[in-house]
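Got your viewer ready? Load the model below and keep the selection box handy.

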Amino acid sequence: MAMVAVGGMVASAVIKLVIKQISSAIGGEIKLHWNMKKDLEKMKMTLESVEAVLSDAETRSLTDNSALLWLKRLKDAMYDISDMLDDFEADTDLWAATMNKIKMPRKMKKMQKRLQKIADDRNNYRVLPETRSEDKQVPDIRETAGNVEEAEIIGRTDEKLEILARISGSTTQGTTIIPICGIGGIGKTTLARLVFNGSEFKQYSQVWVYVSQKFELKKIGNIIISQLSPGSPIPDDLHSIHTRLRELFTGKRILIILDDLWERDPSRLQELKAMLKQGEASKVLVVVTTREKRIAKEIGTVDPFELPPLSDQMCWDILKVKSIFETRQDKERLEPIGKEIAKKCGGDTSSDINLLKHASPIELEISRLENVKSPEEAHSINLGEKQTVLELTLEWSKGANRYVDDMELLTELVPPTTLKTFEMEGYCSVGFPDWVMSISNHLPNLVKLVMGDLPNCKSVPPLGQLPNLQELTLISMESLEEWDTSYLSGEDSVNELKLVCIDDCPKLRISPHLPRAASWSIRNSNNVLLPPRESMPHIDYLTVTAGDDMPLHQWGFLHHLLSLRHLRIEGCTNLTISPEISGALHSLEELTICDHKKLEELPNNMRQLTNLQSLRLDFCPSLRQLPQWLGELASLKRLEMGSCSAIMTLPESIQQLTNLQELRISFCNPALKKWCNAGKNRRKLAHIEQKASKLAFGGRVGSVFECLLCFSTVQV
């Protein structure tokens with residue numbers, strides 16, 4: 001299987017070389033007959049069409065013999081084309097050159113016919129140029145990648161030591177998530193495999209999950225369960241999966257590899273993190289591989305490890321071993337060709353960007369832009385004319401040296417007006433080119449915008465003027481100070497956004513108005529929370545992660561959220577709220593308080609949230625008790641507590657919650673079980689059962705007394 005993978009890699013490199021060779025022949029000094037030039041151009045177009053589906057063919061070749069055979073035929077044809085052009089260019093003898101010119105058109109016609117047959121045959125394994133990435137039904141060929149022996153792995157020893165050093169630096173209990181990120185094909189899975197097979201983790205229970213482009217949270221959870229407890233029943237709902245994972249994680253040391261994570265939605269990534277943070281007295285190490293830095297930063301609990309590209313020498317070493325090069329009789333002739341191929345395998349974007357001149361996909365990601373050597377090179381791809389492109393990502397590598405200033409380069413990369421999703425990462429200039437500052441004129445159809453890892457940017461363009469924008473994310477912009485929204489008034493106001501995410505923008509202030517958005521997520525961006533705002537009836541959902549230095553009563557942001565229904569607060573240890581805030585939150589229906597390790601009691605002012613229907617407390621280990629005033633929350637229908645290990649009783653007033661329909665308690669103090677089993681206390685909870693509702697301990701649902709028998713205890 002390793003030989004197949006290298007074979008595909010070689011095919012990718014060879015086709016690039018041949019296209020380059022044809023381009024050189026067309027535009028070079030060789031005197032070509034007019035029809036021959038047309039044949040070469042037609043051949044080049046055919047090869048570019050084939051190249052567009054080559055990555056799919058390489059993936060399928062691992063499990064599909066017809067795709068493997070197709071790749072072999074393609075490579076053979078590439079070598080023959082290259083030899084044909086070499087022969088034509090090398091003829092210095094007048095008679096031989098004349099005869100070659102006579103024969104060449106016939107050879108070209110024959111070669112083009114052969115090449116077209118190969119191009120047509122690609123349909124035999126259902127690889128079409130129009131196939132979009134999310135529609136591909138590619139088998140999960142990497143599900144058991146962790147079983148490969150370390151002897152088969154070449155290179156990345158230094159990187160393995162670096163990852164191990166980061167893991168060993170995590171001495172605390174709980175879950176540590178270490179992301180490995182980098183462009184495709186440079187060894188992220190290989191590095192994860194080295195860790196997985198390392199002697200350092202022989203005493204750990206081990207799990208390997210191939211996530212793939214199709215993100216399924218339940219599937220990930222069930223794969224972990226099946227590998228930790230083979231043969232055990234597979235839960236069919238997330239709550240049961242969480243409960244089973246808590247049981248399996250508690251008191252254990254576990255290493256989990258999540259290979260090839262593509263999911264970008266921050267909320268779904270937070271759900272994945274929550275699922276992995278289970279169990280008491282456990283040590284869970286999770287290594288995640290992904291192509292995108294933004295995903296790595298969102299999923300990780302420590303800084304991502306950015307894997308550098310393979311060096312030319314490393315690529316050549318891999319090719320030599322996998323092709324059994326040293327045993328070949330013709331190795332002296334093949335060595336220069338192999339080294340040239342190795343250079344291409346390393347992934348030099350400075351040459352690859354030229355391949356975009358005639359490409360016009362639906363989704364386009366241009367990474368490692370720091371390798372573009374001139375503005376003219378970027379201008380030559382005519383990005384603005386590629387009207388089929390709907391999703392575009394422009395990415396510079398963090399900390400990399402540049403040939404061209406980022407702003408100067410971005411000036412030449414004006415997207416097409418058809419664009420609906422635009423992501424820009426790693427841009428290091430302070431300002432933006434004119435087309436960005438008048439973005440509504442250039443991208444009127446934009447629906448989603450992500451700006452991440454822009455370390456020097458101090459202000460953002462007038463994003464609120466984009467008429468169709470629905471989702472906006474600003475992430476890791478440590479110098480960003482200002483978002484001027486003075487234009488958001490009167491006739492210039494745009495339609496309401498669905499979601500605004502602001503993450504790791506510690507200096508950012510938004511003034512004078514907040515953009516209209518139904519849902520907000522604010523993480524580690526305290527300045528956004530500070531100033532009081534005018535009435536904001538449009539905000540429905542709000543998620544906030546704030547540090548110890550930002551008590552809730554200082555959140556001026558909350559003063560006028562007249563229609564806020566869902567609030568999630570993460571990490572804030574001081575939940576004391578002001579009368580102004582408690583009054584403003586009179587419409588609140590759902591409140592989640594999670595990851596508050598120092599929280600000892602709920603603030604008294606929360607009793608004024610009389611319209612609250614759902615209260616959820618997660619990972620609040622210092623919370624000693626629920627307050628007696630809980631009974632005043634007459635509208636409460638759902639109460640949930642998880643990992644609140646200091647709570648040993650429920651308040652007497654719980655029997656006043658006559659509308660309570662669901663009570664879930666998991667991984668709390670064993671004394672709470674004893675309290676619930678007492679006869680007088682059973683009567684206080686009986687009204688829940690009488691409403692045919694749910695009382696659950698440790699994930700099972702049923703009557704009060706049935707569920708008390710399956711209460712999950714905590715090891716102390």
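Here is a tour of the model, stop by stop.

**Before you click**

This is a predicted model, in which local features need pLDDT of at least 70 and side-chain atom pairs count only at pLDDT 80 or more, while totals for chains, interfaces and linings use all residues. Residues are numbered from 1 along each chain as its sequence is written, and side-chain values use heavy atoms, with hydrogens and water left out.

**The whole chain**

Start with a cartoon view: the protein chain has 23 helices and 22 strands. Helices here are DSSP runs of H or I with at least four residues, strands are runs of E with at least two, and both are numbered from the N terminus. Of the 716 residues, 50% count as buried; buried means under 20% relative accessible area, exposed over 50%, and partly exposed in between, with a 1.4 Å probe and protein chains only.

Now switch on a surface. The accessible surface comes to about 32,400 Å², and 49% of that belongs to carbon and sulfur atoms (Shrake-Rupley method, 1.4 Å probe; for residues, only the protein chains shown count as cover). As for contacts (heavy atoms within 4.5 Å), residues 24 or more positions apart account for 67% of those with a separation of 6 or more.

**Two cores**

Select Phe422, Leu474, Trp520, Leu542, Trp555, Phe557 and Leu591: these have the most contacts inside the largest nonpolar core, which has 101 residues. A second, separate core has 27 residues, including Ile220, Ile225, Ile256 and Ile299. A nonpolar core here is a set of buried Ala, Val, Leu, Ile, Met, Phe, Trp, Tyr and Cys residues joined through side-chain atoms within 4.5 Å. In soluble globular proteins, nonpolar side chains tend to be buried together.

**A covered helix**

Next, pick helix α7, residues 188-196, where eight of the nine residues are buried. Those eight are Lys188, Thr189, Leu191, Ala192, Arg193, Leu194, Val195 and Phe196. Show the surroundings too: what covers them includes α6 (157-168), β1 (174-181), β2 (205-212), β3 (253-261), β4 (283-290) and β5 (305-306).

**Aromatic pairs**

The structure holds five aromatic pairs. Rings of Phe, Tyr and Trp (its six-membered ring) pair if their centres lie within 6.5 Å; planes under 30 degrees apart count as stacked, over 60 as edge-to-face and the rest as tilted.

Zoom in on Trp396 and Tyr427, an edge-to-face pair at 5.5 Å centre to centre with 70° between the planes. Trp396 lies in the loop between β7 (391-395) and α16 (406-411), and Tyr427 in the loop between β8 (421-425) and α17 (434-437), so the pair ties together parts that are 31 residues apart in sequence. Trp396 is buried at 0% relative accessibility, and Tyr427 also has 0%.

Move on to Phe422 and Trp435, a tilted pair at 6.2 Å centre to centre, with 45° between the planes. Phe422 sits in strand β8 and Trp435 in helix α17, 13 residues apart, so this pair links distant parts of the chain. Both Phe422 and Trp435 are buried.Add Phe432 to the view: Trp396, Tyr427 and Phe432 form one aromatic cluster.

**Two aspartates**

Keep that view and select Asp406, in helix α16. Asp406 is buried, at 3% relative accessibility. Leaving aside neighbours within four places in sequence, Asp406 is in contact with Trp396, Gly426, Tyr427, Cys428 and Ser429.

Then jump to Asp540, in the loop between α19 (526-529) and β15 (541-545). Asp540 counts as buried at 17% relative accessibility. Not counting residues up to four places away in sequence, Asp540 touches Ala518, Ser563, Leu564, Arg565 and His566.

**Cysteines**

How many disulfides does the structure hold? Zero, with a disulfide taken as a pair of cysteine sulfur atoms within 2.5 Å. Try Cys505: its closest cysteine sulfur, in Cys457, is 9.3 Å away, too far for a bond. For Cys644 the closest is in Cys620, at 4.8 Å, again too far for a bond. Cys505 is buried, with a relative accessible area of 0%, and Cys644 is buried at 0% too.

**Last stop: positive phi**

Most residues other than glycine have a negative phi, and most peptide bonds are trans. Ala281 has a positive phi, near 55°; Ala281 is in the loop between α10 (266-276) and β4, partly exposed at 43% relative accessibility. Finish on Phe619, whose phi is also positive and near 55°. Phe619 sits in the loop between β18 (614-618) and β19 (638-642) and is partly exposed, with a relative accessible area of 29%.
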